[in-house]
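Colleague: I've got this model open and I'd like a close look at one part of it, the barrel and what sits around it. Could you walk me through that, and then carry on into the rest of the chain?

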Amino acid sequence: MAIQKAEAFVLRSHPFRSSSLVVTFFSREFGKLKGVAKGVRKEALANPSSYEPFTLVEIVFYEKLRSDLHLISEVSILESFEGLRSNLESLAVAYYLAELVDQLTEPQDPHEKIFKLLDFAFRNLSTLDPQFITRFFEIQLLSEIGLLPNLEGCLSCGEPSAEKFYFSARQGGLFCPSCRKKAPDAGIISLETVKNLKLLMGKPSFNEKFGMEDVGQLIDRFMNERLNKRPITKRFLHQVRALKGRKVMV
Ligand SMILES: [Zn+2]
């Protein structure tokens, strides 16, 4: 067993046996890591912050070569991002983004860009528009793991500028009117939405205001096709947003 050190975000943690926790991290050095923190449940209950989701920590762990479950020996908090915990929508977004990373990455497959994306999101969720951060994060994450939809033209014939396009979430790209029959799930997509998606793929300005709703529905459909299971945190996020959008009648 080799002793390793890593800087990592806690993605989630759950009880293990009577006194331990199994913690899933996303680290700068190793990508996703899972470890057992033995005998810490009482301590963690008294002072939960070290293993609280979204906390940035430094961990020392014994790397097990025959298992994905390592043994955590030390943990120290680098940042706890209190700001995002004080707002329900930011918190719901953070849970959802952490679950996306957990579902879409393999253990010990390093992606420093994903580490930086998590850092960007957790650092800015309390001040920037959470909806913008969600969409930006989703697109950038898909790009990093090579799952971005292709928006450069019709997937079937290559036509780059048809008068209208249809988008297939299943096949991950556009279809022109003559090839549409090859993608039964495809729905019409406006050129505006294509433009906005391309903006999110680059380096958008966070002051930009654009049709987040259309972009959002499309990413949702696309993401659902790529995930093994629908994120449980997504439902929580929808409930929080519904609550926020509800008008109080007096
Ligand atoms: Zn075509």
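Modeller: Let's start with S1 and strand S4 (residues 56–63), which pair in the antiparallel sense over 8 bridges. If you want one spot to click on, take Glu-7, whose bridge partner in S4 is Glu-58. Keep in mind that this is a predicted model.

That pairing belongs to a closed barrel of 5 strands, which runs S1-S2-S3-S5-S4 with mixed pairing. On average, neighbouring strands here are turned by 50° against each other, direction ignored. Now look for helix H3 (residues 88–104): H3 lies across S1, S2 and S3, and runs at about 115° to S1.

Zoom out a little. The domain assignment of the chain gives domain 1 as 2–80 and domain 2 as 102–242. Taken over C-alpha atoms, the centres of the two domains are separated by 30 Å. As for where they touch, 15 residues of domain 1 are in contact with 13 residues of domain 2. On the domain 1 side, strand S1 (2–16), strand S2 (20–27) and strand S3 (31–37) each supply at least two of the touching residues. S3 gives the most, with 4 residues. By character, the domain 1 side of the contact divides into 6 nonpolar, 3 polar and 6 charged residues.

Over in the other sheet, 4 strands line up in the order S6-S8-S7-S9; this sheet is open, and its pairing is mixed. Its edges are strand S6 (150–154) and strand S9 (187–189), each of which pairs on one side only. Neighbouring strands of this open sheet are turned by 40° against each other on average, direction ignored. S6 and strand S8 (residues 173–175) run parallel and are joined by 2 bridges. For a residue to look at there, Cys-154 has Leu-174 in S8 as its bridge partner.

Helix H6 (residues 191–201) packs on that sheet, touching S6, strand S7 (165–168) and S9. The direction of H6 makes about 140° with that of S6.

H6 also has a helix partner. H6 and helix H7 (residues 212–226) pack at an angle of about 75°, and their axes are 9 Å apart. Angles of 65 to 115 degrees count as roughly perpendicular, so that's what we call H6 and H7. From H6, the contact uses Thr-193, Asn-196 and Leu-197, while H7 brings Asp-214, Val-215 and Leu-218. Those residues divide into 3 nonpolar, 2 polar and 1 charged.

H7 meets another helix as well. The axes of helix H5 (residues 130–144) and H7 come within 11 Å and cross at roughly 40°, which makes H5 oblique to H7. H5 passes H7 in a left-handed crossing. To see this contact, pick out Gln-131, Phe-132, Arg-135, Glu-138 and Ile-139 in H5, then Met-212, Val-215, Gly-216, Ile-219 and Met-223 in H7. The residues of this contact divide into 6 nonpolar, 2 polar and 2 charged. Val-215 is worth highlighting, since you'll find it listed in the contact of H7 with H6 and again in the contact of H7 with H5.

Definitions and conventions. Residues numbered from 1 in each chain as written. Predicted model: local features only at pLDDT ≥ 70, side-chain atom pairs only at ≥ 80, totals over all residues. Pairing = 2+ DSSP bridges. Axes fitted to C-alpha atoms, helices over the stretch in contact; angles between N-to-C directions. Contact = placed C-beta atoms within 7 Å. Domains from an automatic or database assignment. Nonpolar A, V, L, I, M, F, W, Y, C, P; charged D, E, K, R; others polar. Parallel < 35°, antiparallel > 145°, perpendicular 65-115°, else oblique. Left-handed = near helix turned anticlockwise from the far one by under 90°.
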